[in-house]
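User: Hi! I have a structure open and would like some help finding my way around. Can we look at it together?
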Amino acid sequence: MADDRLRIAPSILSADFAHLADEVAEVAPVVPMVHVDVMDGHYVPNLTIGPPVVRSLRAATDLLLDCHLMITDPRTYAPQFLEAGAESVTFHPEVDDDPLSLIHELRERGGQVGVAIKPAHPVAMVEELLPHVDLLLVMTVEPGFGGQAFMPEAVPKVAEAVRWRAEHRASFRIQVDGGISHATIEQTVRAGADTFVAGSAIFGAEDRAAAATELARIAAEARGQALSR
Ligand code: DX5
Ligand code: ZN
């Protein structure tokens, strides 16, 4: 049975990096995790965070650290993020020749492991991996930057993944990432997502905790309505 509790995952990409510990402390009372967007300037045209930042965050917060690796060499670097204290690492599997062996290696190291699909990638592209992962990340923007517009055309892939999971008795969680806001989260809940990454909608708000709580409230209400249909 899949763990489908609703979780809001603030993306620190939209936080003030000069005050990262304070920014994370603001949301810590109301969320279980933060999402750490790792970009290498190759997989995406942007450079962000490396393992030393995750090590410092680990010392500064008890929140789960969920690393999203938008990098071309997760085989080298994903283990380093686990060693730095991340609970989960998610990578884009098309960059590796043998993603299944990497999933197994990372799980043996004690990590939760996810695979991510960009807007152009169908669920079918990762079907062989889904029985072996803890998480499927369905991107709802092109990876690379925070603050982009939500792509509703990606939402049917969430529903497809939910059906696939039921048919194959798999148990991965389903995360949506990109453009998630008070206006867009509801449709992803209805499609069956359980984990919602939000960067600008939370760290762009005056009161971050209130913004995260409101996202959680909208998600819970949408889930309730979806279940009672
Ligand atoms: C985009 C990242 C996202 C990003 C989301 O490549 O994977 O996690 O931080 O930011 P918003 O919520 O602002 O779209
Ligand atoms: Zn992300």
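Analyst: Happy to! Keep in mind that this is a predicted model. Ligand 1 sits in the second largest pocket.

User: Cool, which elements give two or more residues to the shell around ligand 1?
Analyst: Those are strand 2 (33-39), strand 3 (64-70) and strand 8 (195-198). Strand 2 gives the most, with 3 residues.

User: And how many residues surround ligand 1?
Analyst: There are 20 around ligand 1, and the closest are Asp37, Gly144, Asp177, Gly199 and Ser200.

User: How far is the polar side-chain atom of aspartate 37 from an oxygen atom of ligand 1?
Analyst: For aspartate 37 that distance is 2.7 Å. Two histidines also have a side-chain N or O atom by a ligand 1 oxygen: histidine 68 at 3.2 Å and histidine 35 at 3.4 Å.

User: How much of the accessible area of ligand 1 does the protein cover?
Analyst: The protein covers 100% of the 380 Å² that ligand 1 has on its own.

User: New topic: where is valine 89?
Analyst: You'll find valine 89 in strand 4, which runs over residues 88-91.

User: Is valine 89 buried or exposed?
Analyst: Valine 89 is buried, because its relative accessibility is 1% and the cut-off for buried is under 20%.

User: What is valine 89 in contact with, leaving aside neighbours within four places in sequence?
Analyst: Its contacts are Cys67, Leu69, Ala78, Phe81, Leu82, Leu106, Gln112, Val113 and Gly114.

User: Last one: what separates the C-alpha atoms of valine 89 and glycine 204?
Analyst: A distance of 25 Å, with the two residues 115 apart along the chain.

How values were computed
Residues numbered from 1 in each chain as written. Chains lettered and ligands numbered in written order. Predicted model: local features only at pLDDT ≥ 70, side-chain atom pairs only at ≥ 80, totals over all residues. Heavy atoms only, no water. Helix = DSSP H or I, 4+ residues; strand = E, 2+ residues; numbered from the N terminus. Buried < 20%, exposed > 50% of the residue type's maximum accessible area, 1.4 Å probe, protein only. Contact = heavy atoms within 4.5 Å. Near = heavy atom within 4 Å. Polar contact = N/O pair within 3.5 Å; in protein donor to acceptor, adjacent residues only side chain to side chain. Areas by Shrake-Rupley, 256 points an atom, 1.4 Å probe, with all protein chains shown as cover. 1 Å grid on protein atoms, 1.4 Å probe; cavity = no way out; pocket = protein on both sides within 12 Å on 5 of 7 lines; lining within 4 Å. Sits in = over half its atoms within 2 Å of the grid points.
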